[in-house]
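Biologist: Can you walk me through this one? I'd like to start with a strand and then move to the chain contacts.

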2 protein chains.
Amino acid sequence: MIKKPITIKEIAKKLNLSISTVSRALHGHPSISLSTQQKVKLMAKEMEYEPNQTAIFFQKGRTYTIGVILPELAEAFFASAISAIEDIAYKKNYTVLLAQSHDEEGREKQLVEKMKNHRIDGLLVSVAKTTSNFDHFELLRKHQIPVVFFDRIPPIKNIHYVACNIETGSIEAVNYLLKRGHRSIGLINGPNTLVASGQRKEGYIKALYKNRLKYDPTLIVDCDLTEAGTKTALETLLNHKRKPTAIVTFNDYVSAFAIKSLRRFNLNTDQEIEFVSYANSSIIGFMEHPPVASVEQFPTIQGQKAIDTLLDLLNSDVNEETQGYYKTIIESQLIETHKD
Amino acid sequence: MIKKPITIKEIAKKLNLSISTVSRALHGHPSISLSTQQKVKLMAKEMEYEPNQTAIFFQKGRTYTIGVILPELAEAFFASAISAIEDIAYKKNYTVLLAQSHDEEGREKQLVEKMKNHRIDGLLVSVAKTTSNFDHFELLRKHQIPVVFFDRIPPIKNIHYVACNIETGSIEAVNYLLKRGHRSIGLINGPNTLVASGQRKEGYIKALYKNRLKYDPTLIVDCDLTEAGTKTALETLLNHKRKPTAIVTFNDYVSAFAIKSLRRFNLNTDQEIEFVSYANSSIIGFMEHPPVASVEQFPTIQGQKAIDTLLDLLNSDVNEETQGYYKTIIESQLIETHKD
DNA sequence: TAATTTAGCACAAACGTTTGATATCAATAT
DNA sequence: ATATTGATATCAAACGTTTGTGCTAAATTA
């Protein structure tokens, strides 16, 4: 037996009321008597009435839907973020339209367009690595659709964003290693095309300067984040005239590769090399020899703050110019690996 | 400068045409002359016309949106699955409405309701662990909204589903270890409330029987999948009178915990214990001493098949009764760990 | 009692699009 | 010359809901 969705029209007919009365009754409008309100609500329940959201969306011009565009859903960082976002959206009765850009500018652009046409109320974006032109986001502004960027934010003015300050974490990381007595600290960094690489490097250098230590650029080695690349980078550092006793790596995966490689082929190292990395991902818990610490970047908190400010934006009808822009910076934090 | 979305009405006025003509022109309807079609299309582009999808959704009763309900977005398996699903949805011009149940039946129920009201065209679900009543899915059937279950499928008749046959992988795993000369093989399994645990156990037992080996139930130890639980389970096996030389574990994480624990406190084991696990997750690539093999469950393929069959369902207007139900089984597959 | 307020409801427009039915006009066929 | 066809475009209804305005009768006030 197939059920056609029933409408307020049919409720109206059944109760000999007008459509508008039914509508208002269901919303508890004061100009409808309590008795009819109850009658209507009862009948609605009886007939298993469910409002047609598409009609409401259309009518109201709002969808209570927020778009989320992420570079890569399968990446742990973004998976955590979207999970946190969805949780809050659910709580606030919003719905999440999800899409991934795969770090492609073209796809990102198309997705923005698509979401605009879907009449999302607002958008959350972590921008693609390759994106160099940001007009598609400007377009949304013209259509009064607020956008909040998070984690990967574009280098443009007048935007709302939530980001993580990696530099402080970077400084903490180096300070930590210095306190542990290391004097030659290497850095296996990511490709220098990434903003994230620059941030790590900046912090690394600043920390050394602050401690009045001389900064040796050759102790920084870029790598492509693959296992092979990591190995090569590691070997470069091991052959350095001031062979580092500690190494900061771009992220936990690079640390894992480096440690794995180091231990397999260099087990007879009398002096252990200590590692510090970034992300504090769950992988650390599974490692036999984890880095001594990792810089947490709080994906869930970033996601939460991002959707919080978006919802704020949606529920204050003041326009942007007068109220300025939300800029939230989360401080990254060095987390020591739990010794078990 | 704020832009109001412009409508076909305004295009019509500007060209002195009727609304319907503009609509048909934009769709290339044959009863509109090519010359006017071009004029209209040109003007549409000029005025930066974008169709109001909410109006179209409402009008057509279809949203080209598919709902996806997963237990936990932050879990690697589901993150891969949703990634694959989104990719295909994007290609086929569908949009993904995402939500997570957190393995709670109540939340799952609410989400289904919400998605129904959003008028999704179809739904993809991996059901929550706690769900025991499946009426909310039945409801969708009545509303002609097709549902395809994947990975975690409910124990009810007449449904479309995509699942992974773990038993064959389980058998492969044990066979593999037997071939490698092991005669005492342990199993660190998950909680027996999980279907997944049962499947692993079944395969384990069948493999032994097929090889005419006696099955010792005490070589199977359940654990809660935590690090501590794994350690306890491992110790139980190590103290077994027929101490296993190989262990199958519920998943890669359990393997990681076990291996870590084993190597830390038992480094002087002359004879190595070999591990085989499930999931073949990326963590294996980062392990210093990975399991020798892992049973791949193909999250992306499952996701792909699931959305493929859903789209099939959506685009064939034959009703379910006549065409039967799609039941796709993916064979799991033992993947040997790449030696590097 | 007549005038005015108030409560309770109905009417109808509007949101933007699609689509079946219809109209117009010219070209062709009878 | 009339009927038929075909090409092209218009009209108007419909999708389900919200909401400003208008209406009626009862209740209140003067």
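Modeller: Start with strand β8 (residues 246–249) of chain B, which is covered on both faces. B:A246 and B:V248 on one side and B:I247 and B:T249 on the other are all buried. Buried is under 20% relative accessible area, exposed over 50%, partly exposed in between, with a 1.4 Å probe and protein chains only. Strands are DSSP runs of E, at least two residues; helices are runs of H or I, at least four; both are numbered from the N terminus.

Biologist: What is the status of the model and the numbering?

Modeller: It is a predicted model: local features need pLDDT of at least 70, side-chain atom pairs need 80 or more, and totals for chains, interfaces and linings use all residues. Residues are numbered from 1 along each chain as its sequence is written, chains are lettered from A and ligands numbered from 1 in the order written, and side-chain values use heavy atoms, without hydrogens and water.

Biologist: Which strand pairs with β8(B) over 4 bridges?

Modeller: Strand β6 (residues 185–189) of chain B, in the parallel sense. Pairing takes at least two DSSP bridges between the strands. B:I188 stands opposite B:T249. β8(B) is also joined by 3 bridges to strand β9 (residues 274–278) of chain B, again parallel. There, B:A246 has B:E274 as its bridge partner.

Biologist: Switching topic. How do the β2 strands of chain A and chain B run?

Modeller: Antiparallel, joined by 3 bridges, each strand spanning residues 95–100. A:L97 partners B:L97. Both β2 strands belong to an open sheet of 12 strands with mixed pairing. Its edge strands are β11 (327–331) of chain A and β11 (327–331) of chain B, each pairing on one side only.

Biologist: How big is the area buried between the chains?

Modeller: About 5700 Å², with carbon and sulfur atoms giving 53%. That is accessible area (1.4 Å probe) lost on putting two parts together, summed over both. In chain B, B:Y90, B:F286 and B:E288 lose the most area to chain A, together 14% of what that side buries. In contact terms (heavy atoms within 4.5 Å), 61 residues of chain B meet 60 of chain A.

Biologist: How many salt bridges across the interface?

Modeller: The rule finds 6. It asks for a side-chain nitrogen of Lys or Arg within 4 Å of a carboxyl oxygen of Asp or Glu. B:E288 forms a salt bridge with A:R263, with the closest N and O atoms 2.8 Å apart.

Biologist: Which element gives the most to chain B's side?

Modeller: α5(B), with 8 residues.
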